[in-house]
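Q: I am in my first year and would like a close look at one part of this structure, namely the way its strands are arranged into sheets and what is packed around them. Could you take me through that slowly, in connected prose?

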Amino acid sequence: MRYLSTRGGLIGGQTSAPFSTVLLEGLASDGGLSMPESYPKAELDAWRSLSYPALCLEIVSRFVDDIPRDALKTIIDKTYTPDIFGSAEITPVRELEPGLSLLCVSNGPTLAFKDIALQLLGNLFEYVLAREGRIINILGATSGDTGSSAEYAMRGKRGIKVFMLSPHKRMSAFQQAQMYTLDDPNIFNLAIEGTFDCCQDIVKAVGGDAAFKKQYHLGAVNSINWARVMAQIVYYFKGYFAVTRKNGEPLDVAVPSGNFGNILAAHIAKQMGLPLRRLILATNENDVLDEFFKRGHYRPRSPEETHATSSPSMDISKASNFERFIFDCVGRDGAAMRELWAQLTGQGGFDLTAPKYQTSWQRVQASGFVSSRSTHADRLQTIRDVYHRYGVMIDPHTADGVKVGQEYRETGVPLLCVETALPAKFAATIEEALGKTPPRPDIYAGIEQRPQHYKVLPADADAVKAFMRERLI
């Protein structure tokens, strides 16, 4: 398996690259994102009865051909254990009622679905860096969950330093404390005066500085790193096998979406042959993606237009993984991608319903994606409904997914809603909805009162580079 750039240019100086190169490279040399040359075909009958680690090995080994299978198995077995994820199931399914279930992917160390991919990513980094005698300095951006998941996965790992950007005062108190209370010498938290999109733009700007990237061995853990998406494909297969009785039965999945990586993994699983019927995308008040799937117009909002909401991890108006989906829809044409992204830069967006993109828009319409939005009032009501009807407490992001999923639910087709975080991370909203405090693991008791370590910086790539230089020389 080799990898291409969505912009049709180079990855690590090559027109196509092996997995370990894209793992360490992050953003491609031409500013695009790495994508596999093709999608492997699923073997549903052979995979249905496998444990989570065994299923992960079968899927991941089809995307990774430059790490020996035995070594890959050791990495995966080390990653997905009951001690780390709470049960041997790793991503258990909880039935709310016949035909409606939650895919529980938030039982890792930081109580968010990002742990599934980032725990594996940390172990893959450690293996490849040791094999090649290299170091890596990770620059990432987070709207709340990626940062803590990445830091908990990378803390104490040899040859790795992490510089994580987060939007100043735009995360929940718990999310902020999870990151900022870490005092490991290889972890640096930077609170950026702006939105998540500002943070993400800085990561791309610094990563696009080829000289800086080479001199300081820059890598990425954001969902621009292909390994993140690859790892998330696995739990859609696991969820399908848990909900259906036999292969070939249809399943709808509902996914709250901010940076588009989670639901992109579902799209790829479908391309591999998993019988997913509808991919139901839920946004919050930042509804750029809902607008696109309904009308074909993609227009990211400015920082000033981006709302701060009670599902803050989705307060994103420029979803980086969306580029990977559009790459598939334009027939993997690098020239078409460069043209669209030039329009995005110069005109602030593009319209895929324009006559010249008719075939691409038809591919979008045939992809199985549908969408809708959820508001703060919707979240509160959905949290109440799920708690009172089923005795289950869900977080506000999961509530967005359940609300929109219910809009598209049809008799005879099971609906699987992805639980993206545990309620403990968003206590204020849960208390507003239910009048009670959500439970949290003992390890996080009183975390908001612990000393915090972070640096506030302006939304400026040069300021971030200057901070990094001082700590990398």
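A: What follows goes through the sheets of this predicted model, then the helices and loops around them, and then a few single residues.

We can begin with the sheet made of six strands, which is an open sheet with the strand order 3-4-14-9-10-13 and with mixed pairing. At its edges stand strand 3 (93-97) and strand 13 (369-373), and because each of these has a single partner strand, one side of each is left without a neighbour in the sheet. From one strand to the next, the twist averages 25 degrees. As general background, the strands of a sheet pair through backbone hydrogen bonds, and this pairing is either parallel or antiparallel. At one edge of the sheet, strand 3 and strand 4 (residues 100-104) pair in the antiparallel sense, over four bridges, and if you want a particular pair to look for, E95 has S101 in strand 4 as its bridge partner.

Two helices can now be added to this picture. Helix 12 packs on the sheet and touches strand 9 (251-256), strand 10 (276-283), strand 13 and strand 14 (415-419), while its direction makes about 170 degrees with that of strand 10. Helix 18 (residues 396-408) lies across strand 4, strand 9, strand 10, strand 13 and strand 14, and it runs at about 120 degrees to strand 13.

Helix 12 also leads us to another element, since it is included in what covers the buried residues of helix 3, together with helix 2 (44-47), helix 4 (69-79), helix 6 (114-132) and helix 11 (226-243). Helix 3 (residues 52-60) is mostly covered, with eight of its nine residues buried; these buried residues are Y52, P53, L55, C56, L57, E58, I59 and V60.

The loops beside strands 3 and 4 deserve a careful look as well. In the loop between helix 5 (82-85) and strand 3 we find I90, whose phi is near 65 degrees, a positive value in a residue other than glycine. I90 counts as buried, because its relative accessibility is 1% and the cut-off for a buried residue is under 20%. The loop between strand 4 and helix 6 holds L111, and here too phi is near 65 degrees, a positive value in a residue other than glycine. With a relative accessibility of 5%, L111 likewise counts as buried.

Next comes R379, which lies in helix 17 (residues 376-390) and counts as buried at 0% relative accessibility. Setting aside its neighbours within four places in sequence, R379 is in contact with N284, E285, T309, S310, S311, S374, P396, A399 and D400. With D400 there is a polar contact of 3.0 Å that joins the two side chains. R379 and A433 are 54 residues apart in sequence, and the distance between them in space is 8.4 Å, C-alpha to C-alpha.

We can turn now to the sheet made of five strands, an open sheet in the order 8-5-6-7-15 in which the pairing is parallel. Its edges are strand 8 (218-219) and strand 15 (455-458), and because each has a single partner strand, one side of each is left without a neighbour in the sheet. Strand 5 (residues 136-141) pairs with strand 8 in the parallel sense over two bridges, and within strand 8 it is G219 that stands opposite I138. Helix 9 (residues 196-207) lies across strand 5, strand 6 (160-167), strand 7 and strand 8, running at about 150 degrees to strand 5.

Leading into strand 7 (187-193) is a loop that comes after helix 8 (173-180), and D184 is placed in this loop. D184 is buried, with a relative accessible area of 18%, and its side chain makes a polar contact of 3.0 Å with the side chain of R155.

Finally, a word on the cysteines. A disulfide is a covalent bond between the sulfur atoms of two cysteines. In this model the count of disulfides comes to zero. C198 is in no disulfide, because the nearest cysteine sulfur, that of C199, is 6.7 Å away, whereas a disulfide needs the two sulfur atoms to be within 2.5 Å. C198 counts as buried at 16% relative accessibility, and C329 counts as buried at 3%.

Notes
Residues are numbered from 1 along each chain as its sequence is written. This is a predicted model: local features need pLDDT of at least 70, side-chain atom pairs count only at pLDDT 80 or more; totals for chains, interfaces and linings use all residues. Side-chain values use heavy atoms; hydrogens and water are left out. Buried means under 20% relative accessible area, exposed over 50%, partly exposed in between (1.4 Å probe, protein chains only). A polar contact is a pair of N or O atoms within 3.5 Å; within protein, one must be able to donate a hydrogen and the other to accept it, and residues adjacent in sequence count only if both atoms are side-chain atoms. Contact means heavy atoms within 4.5 Å. Two strands pair if DSSP finds at least two bridges between them. Axes are lines fitted to C-alpha atoms, for helices over the stretch in contact, and angles run from 0 to 180 degrees between N-to-C directions.
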